[in-house]
Amino acid sequence: AVVLAVRDEMGKLLRTDPRQEIVEERGGELTVASGRVWPCAIIAPEGALMGYLEFWPWAVVIAGGIVAAITDIRERKVYNWLTYPLCVGGLVYHAIFSGWGGFAASVAGLLFGFFIVLIPCFMGGVGAGDVKLMAAIGAWLQVPDVIWVFIFAGLAIGVWSVGILWVRKMSLRAVREQIEG
């Protein structure tokens, strides 16, 4: 196992992530407040590593969201080959880089993302692929951020729907004008 740690400008080790305080460093091993000893450490300056680790979940979610949007618009389907690996990837990522606490937060995000879209699914507003996609987003971004994604996705769907209605209305006018001559 590899742990990622952060040093301040004075060289003092600060943390492995925002939830773990480092107790001791000895010969490349780190002991964290929970008592766990990490035999191998990658140590970076403060700010460099945490920003890097926070970038990847968003990058993966944005890339996955673009692929899902394209397939959903073209084929009206969000595929399992996209959603399942995203779910597993989010769980594994947080387990590796944040330990059991990160894994638990990732599971909570997955469940929250799943259940927040399940009601609209039962009402016929979204499909099962959308439910699995939001669960995958929750696994990567965890609970606080998946709430914002849900809100902004709802707003985007609303704008998209208004645009479709406007285009259809315009095309119906054109057809009527052609018929009425």
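So, Trp 100 and Phe 103: both sit in helix H2, three residues apart, which is about one turn of the helix. Before I go on, keep in mind that this is a predicted model. How exposed are these two residues? Trp 100 counts as exposed, at 70% relative accessibility, while Phe 103, at 27%, counts as partly exposed.

Now the rings themselves. Two numbers describe an aromatic pair, the distance of the centres and the angle of the planes. A search of the whole structure turns up five aromatic pairs. One of them is Tyr 79 with Trp 81: the centres are 5.7 Å apart and the planes at 15°, so that pair is stacked. Tyr 79 is partly exposed, with 21% relative accessibility, and Trp 81 is exposed at 56%. Then back to Trp 100 and Phe 103, where the centres are 5.8 Å apart and the planes at 90°, so this pair is edge-to-face.

Let me stay on helix H2 for a bit, and go to His 94, which is in that helix. Is His 94 buried or exposed? It's buried, because its relative accessible area is 8% and the cut-off for buried is under 20%. And what does His 94 touch, if we skip residues up to four places away in sequence? The list is Pro 57, Gly 99, Gly 102, Phe 103, Ser 106, Ala 139, Trp 140 and Gln 142. So Phe 103, from our edge-to-face pair, is among the contacts of His 94.

Thr 83 is another residue of helix H2. Its relative accessible area is 0%, so it is buried. Leaving out residues up to four places away in sequence, Thr 83 touches Val 78, Gly 129, Lys 132, Leu 133 and Ala 136.

Okay, backbone next. Most residues other than glycine have a negative phi. Which way does Arg 76 go, positive or negative? Positive: phi of Arg 76 is near 60°. Arg 76 is in the loop between helix H1, residues 48–75, and helix H2, residues 80–122. Arg 76 is exposed, too, with a relative accessible area of 73%.

You'll remember Gln 142 from the contact list of His 94. Gln 142 also has a positive phi, near 70°. But where does Gln 142 sit? In helix H3, which covers residues 128–180. And where Arg 76 is exposed, Gln 142 is buried, at 13% relative accessibility.

On to empty space. Rolling a probe the size of a water molecule over the atoms shows where such space is left. The largest pocket holds about 1200 Å³ of space. It's lined by 32 residues, and the closest to its centre are Asp 72, Val 126, Asp 130, Ala 153 and Ile 157. Which elements give two or more residues to that lining? H1, H2 and H3. The most comes from H3, with 15 residues. If you're wondering about the chemistry of the lining, it divides into 22 nonpolar, six polar and four charged residues.

Let me zoom out to the protein chain as a whole. Its secondary structure comes to three helices and six strands. In what order do the elements run from the N terminus? It goes β-β-β-β-β-β-α-α-α, so to put that in words, the strands come before the helices, taking strands and helices as DSSP runs.

A few totals for the chain. There are 181 residues, and 31% of them are buried. The accessible surface comes to about 11400 Å², with 69% of that belonging to carbon and sulfur atoms. And for contacts with a separation of 6 or more, 54% are between residues 24 or more positions apart.

To recap with the structure up on the screen: helix H2 carries the edge-to-face pair of Trp 100 and Phe 103. His 94 and Thr 83 are buried. Arg 76 and Gln 142 have the positive phi values. And the largest pocket has H3 giving the most to its lining.

Key
Residues numbered from 1 in each chain as written. Predicted model: local features only at pLDDT ≥ 70, side-chain atom pairs only at ≥ 80, totals over all residues. Heavy atoms only, no water. Helix = DSSP H or I, 4+ residues; strand = E, 2+ residues; numbered from the N terminus. Buried < 20%, exposed > 50% of the residue type's maximum accessible area, 1.4 Å probe, protein only. Contact = heavy atoms within 4.5 Å. Areas by Shrake-Rupley, 256 points an atom, 1.4 Å probe, with all protein chains shown as cover. Phe/Tyr/Trp six-rings, centres within 6.5 Å; stacked < 30°, edge-to-face > 60°. 1 Å grid on protein atoms, 1.4 Å probe; cavity = no way out; pocket = protein on both sides within 12 Å on 5 of 7 lines; lining within 4 Å. Points joined across faces, edges and corners; volume = space filled by probe spheres on them. Nonpolar A, V, L, I, M, F, W, Y, C, P; charged D, E, K, R; others polar.
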